[in-house]
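Here is a walk through one structure, part by part. Keep the sequence and the 3D view at hand while reading.

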Amino acid sequence: MEEAQRLILERVQALPAERVPIEVAAGRVLAEPAAAVVDLPSFASSAMDGFALRAADTPGTLPVVARITAGRPAERELGAGESMAIATGGVVPDGADAVIPIEYVVDNGNTLEVAEPASPGANVRPRGGDVRAGETVLEAGVDLGPAQLGALAAAGVAEVACGTQPRAAVLATGTELRRPGEPLGPGEVYEANGLILASQLASAGARVERLAAVADDEDAHREALARGLEHDLLVTSGGVSVGPHDLVRRIEAEVGVEEVFWRVAVKPGKPVSFGVRGSTLVFGLPGNPVSSLVGFELFVRPAVLALQGHGDPMPRFESGRIGADAKLNPHRDQLVRARTRPSDDGALVLDPLGGQESHMIVRAAGANALVHLLRGEGQLMAGAPVRYLRLG
């Protein structure tokens, strides 16, 4: 598995960056470091509703000479022995070095009684305490989620350089395939892989074209593959094994695809293939729906992220404990569908689901994790540490 991932990433050339307004940058990958336009905060501000004053004047009784609201600074400097009421986020006036919370004082309207001494700097957010103008807010390769976009907006950044979203084509193959809603004839099945893969590609940041499924016909394959190869990424489903109707790899070779590898020691998903034509990445995933879904997470998603310049495109495995005995495969690593649950000691437990066969997509729909079982002999006992990959 790791060797296949390495061979894929070695052949990925990140797409050029493009400028994107932050309002539409959610889910994108930052291609260049983004620097703050202003100090954040851009002025010393109050962290509390209370009173701005000089710590040296406390404890004591002070006149309240002004009331400061957010966005409306005081009209003058705070003098010795004075206080000013201030709202959270308000500009701390020159001359003040502390804010005392309203619940710690007695407000008599025009005077303020402070019973305890205040500390210099208390409840004051200093100018530039979060970031200074010109300093880096986010490094290149970062996913732009809500917190990241909020940081950029607060620092005055209006647009950012993002990795271009890859253009991806999805092609399902097989004479037996029919669209949901159509009547099924003998030996026919509803086509689900195209929808699975299109959804996964979109979640990874790609712009997806879902090509019409093609029958097991050489000319139909050749035409559809030619269209798919016009994209940055082509993902096919089915037709990559060794049967007489498995045409994908042979036709791809005829149209100039250089095959980098075929078959990986994983279960499900052994017959996955990967190749390139020019800068286009070409993935052939098996026709069984679960094999296709798992193959995407292990091999295709990292490529889609790397095309966008992601700093860490590899699958993000986490640690947990297996919830039941699991038989190991001596020849292949396994990705076992499981549900997570917390244990009494706070560790995350992963309970394998029944029905692990690669055609059982309905059973797989109940999983929220893939447990990585290394190849080996015998069994992995319940409670043993494992790595897992979140789904959904």
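Of the 19 residues of helix H6, 18 are buried, so the helix is largely enclosed by the rest of the structure. Buried here stands for under 20% relative accessible area. The model is a predicted one.

Helix H6 covers residues 289–307, and its length can be checked by simple reasoning. At 1.5 Å a residue, its 19 residues should span 27 Å, and the end C-alpha atoms lie 25 Å apart, which agrees. The helix is not straight throughout: at phenylalanine 296, H6 bends by about 45°. Just after H6 comes glycine 309, which takes a positive phi of about 85°.

The same helix leads to the largest pocket. Rolling a probe the size of a water molecule over the atoms shows where empty space is left. The largest pocket has a volume of about 780 Å³. It is lined by 30 residues, and those closest to its centre are Ser203, Glu297, Arg301, Arg390 and Gly392. Four elements give two or more residues to this lining: helix H3 (193–203), H6, helix H7 (361–364) and strand S28 (385–390). Which element gives the most to the lining of the largest pocket? That is H6, with five residues.

The sheets come next. Strands of a sheet pair through backbone hydrogen bonds, either parallel or antiparallel. One open sheet has six strands in the order S7-S4-S6-S5-S9-S8, with mixed pairing. Its edges are strand S7 (98–101) and strand S8 (105–107), each of which pairs on one side only. On average, neighbouring strands of this sheet are turned by 35° against each other, direction ignored. At the S7 edge, four bridges connect S7 with strand S4 (residues 50–53) in the antiparallel sense. Within this pairing, phenylalanine 51 stands opposite isoleucine 100 in S7.

Another open sheet, also of six strands, follows the order S16-S13-S17-S21-S20-S18, and its pairing is mixed. Strand S16 (207–210) and strand S18 (258–262) are the edge strands, pairing on one side only. From one strand to the next, the twist averages 20°. S18 runs antiparallel to strand S20 (residues 273–277), and four bridges join the two. Glutamate 259 has glycine 275, in S20, as its bridge partner.

Notes: Residues numbered from 1 in each chain as written. Predicted model: local features only at pLDDT ≥ 70, side-chain atom pairs only at ≥ 80, totals over all residues. Heavy atoms only, no water. Pairing = 2+ DSSP bridges. Axes fitted to C-alpha atoms, helices over the stretch in contact; angles between N-to-C directions. Expected span 1.5 Å × (residues − 1). Bend = angle between axes of the 7 residues up to and from the residue. Buried < 20%, exposed > 50% of the residue type's maximum accessible area, 1.4 Å probe, protein only. 1 Å grid on protein atoms, 1.4 Å probe; cavity = no way out; pocket = protein on both sides within 12 Å on 5 of 7 lines; lining within 4 Å. Points joined across faces, edges and corners; volume = space filled by probe spheres on them.
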